[in-house]
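Trainee: I have just opened this entry and would like to go through it slowly with you. Could we take it one question at a time?

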Amino acid sequence: MTASWQADVAAVGARFDAEIASATDLDALRQVEVAALGRKGDVTALMKQIGTLAATERKPYGAAVGGLRGRVEAAIAARRDSLTAALRDAELEDATFDETLPGIARRRGHLHPLSIVQRQLEDVFTSMGFSVLDYPEVDSEFNNFEALNIPSWHPARDMQDTFWLAGGHLLRTHTSAGQVRAMHSLQAPFRAVFAGKVYRYEATDASHEHTFHQVEGLMIDRHVTVGHLLDSMRTLLSAILEREVTVRLRPGYFPFVEPGFELDIQCEICGGSGCSVCKQQGWLELLPCGLVHPNVLRAGGLDPNEWQGWAFGLGLSRLVMMRYGVADIRLLLGGDPRFLEQF
Ligand code: PHE
């Protein structure tokens with residue numbers, strides 16, 4: 001190449017200035033960009049010719065071509081901005097485009113009502129110093145029954161109630177199966193909650209489901225009495241239901257608690273005078289509970305002479321139904337979007 005390269009560089013620059021100015025849409029501009037700056041583009045080709053020049057020419061040549069490249073890049077960017085702006089203006093001026101119409105709302109995922117209430121409960125318990133634990137739904141006969149002082153002749157062991165699996169395993173029939181697991185894994189004294197699905201082999205109707213949710217609560221300490229149990233339950237339920245609650249205990253039999261209770265709360269609809277929600281009882285049955293049976297403490301490796309505890313098994317499905325006014329438990333896990341989209 002001769003010393004007339006100045007003219008060549010200027011000519012290439014002038015040609016691309018004109019081509020950029022006359023590119024009327026983004027595709028055309030893109031083609032100009034490739035023709036100038038692409039791997040086989042003209043500006044790139046000029047760059048490569050530096051090796052053919054005399055040593056003294058290389059510096060000014062490199063500066064000139066580098067400057068050209070920068071100018072072309074800037075001109076393309078500016079042209080692209082103005083073409084894009086023109087496109088948007090054209091769109092806005094389109095008579096069929098109405099910017100006052102509401103936008104298209106994006107559909108967002110959301111939590112299942114069971115998850116919403118479970119998380120609220122776990123927040124309340126966490127704030128009261130409980131550990132939140134999680135245990136498998138497939139468990140052993142020992143954890144689900146034997147360790148809980150449920151001997152083999154107990155009706156709860158009947159094939160009617162339990163989904164048995166191979167090798168003596170089963171689908172846990174209650175979250176109480178986690179009690180001795182917790183006793184073995186945590187250092188007494190402790191308090192813990194563990195929520196999850198439980199399974200019962202039974203026919204379904206509006207208030208029975210083969211799969212439902214419970215939240216187990218367990219507190220192990222020294223000198224635990226029924227007074228502690230009652231007060232803890234009242235405090236917990238007030239926090240969960242976000243109001244003062246009046247509770248009453250009725251005796252209830254569960255092999256793993258002694259004494260065992262059914263705990264009722266006063267009906268909030270009628271204030272205890274009786275209405276259709278509480279079936280004229282004035283009370284709603286909410287959670288079975290009791291003091292942990294000494295045999296269960298022993299199965300958990302704790303000395304009943306030193307340690308006591310209380311436990312409860314809250315019907316989470318039932319609480320969700322009460323909270324949201326769901327009349328049929330089968331809706332909860334039925335997966336019908338018409339139900340789920342309401343939450
Ligand atoms: N596990 C019992 C049930 O499912 C409920 C329960 C839990 C009762 C803890 C007492 C203490 O019926």
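Trainee: In which loop does Asn149 lie?

Mentor: Before placing any residue, please keep in mind that this is a predicted model. Asn149 has a phi near 65 degrees, which is a positive value in a residue other than glycine. As for its place in the chain, Asn149 belongs to the loop between helix H6 (141-144) and strand E3 (169-171).

Trainee: Where is Pro189 found, and where is the place of Pro259?

Mentor: Each of these prolines follows a cis peptide bond: the one from Ala188 to Pro189 has omega near 0 degrees, and the one from Glu258 to Pro259 has omega near -5 degrees. Pro189 sits in the loop between helix H7 (179-185) and strand E4 (190-199). Pro259, by contrast, has its place within a strand, namely E7 (residues 257-266).

Trainee: How far apart do the C-alpha centres of domain 1 and domain 2 lie?

Mentor: The protein chain is divided into domain 1, covering 5-93, and domain 2, covering 113-340. When the C-alpha centre of domain 1 is set against that of domain 2, the separation comes to 74 Å.

Trainee: Which element gives the most to the shell around the ligand?

Mentor: There are 13 residues around the ligand, and those that come nearest are His174, Ser176, Arg200, Gln214 and Gly313. By kind, the residues of this shell divide into seven nonpolar, four polar and two charged. Strand E5 (211-221), strand E8 (283-292) and strand E9 (308-315) each supply at least two residues of the shell. With three residues, the element that gives the most is E9.

Trainee: How much of the area that the ligand exposes when taken alone does the protein bury?

Mentor: Let us begin with the polar contacts, where a polar side-chain atom of Ser176 lies 2.8 Å from a nitrogen atom of the ligand, while a polar side-chain atom of Arg200 lies 3.1 Å from an oxygen atom of the ligand. In the side chain of Gln214, an N or O atom is 3.0 Å from an oxygen atom of the ligand. Taken alone the ligand exposes 330 Å², and the share of this that the protein buries is 91%.

Trainee: Which element provides the largest share of the lining of the second largest pocket?

Mentor: The second largest pocket holds about 180 Å³ of space, and among its 13 lining residues Arg191, Met219, His228, Ser232 and Trp310 lie nearest the centre. Two elements give two or more residues to this lining, strand E5 (211-221) and helix H8 (226-241). The largest share, four residues, comes from H8.

Trainee: How many residues of the lining of the second largest pocket are charged?

Mentor: The lining is made up of 13 residues, and sorting them by kind gives six that are nonpolar and four that are polar. The charged residues of the lining number three.

How values were computed. Residues are numbered from 1 along each chain as its sequence is written. This is a predicted model: local features need pLDDT of at least 70, side-chain atom pairs count only at pLDDT 80 or more; totals for chains, interfaces and linings use all residues. Side-chain values use heavy atoms; hydrogens and water are left out. On a 1 Å grid over the protein atoms alone, a cavity is a set of points where a 1.4 Å probe fits but cannot get out, and a pocket is an open set with protein on both sides within 12 Å along at least five of seven lines; lining residues have an atom within 4 Å of a point. Grid points are joined across faces, edges and corners, and a volume is the space filled by probe spheres set on the points. Ala, Val, Leu, Ile, Met, Phe, Trp, Tyr, Cys and Pro count as nonpolar, Asp, Glu, Lys and Arg as charged, and the others, Gly among them, as polar. A residue is near a molecule or strand if one of its heavy atoms lies within 4 Å of it. A polar contact is a pair of N or O atoms within 3.5 Å; within protein, one must be able to donate a hydrogen and the other to accept it, and residues adjacent in sequence count only if both atoms are side-chain atoms. Accessible areas come from the Shrake-Rupley method with a 1.4 Å probe; for residues, only the protein chains shown count as cover. Domain bounds come from an automatic or database domain assignment.
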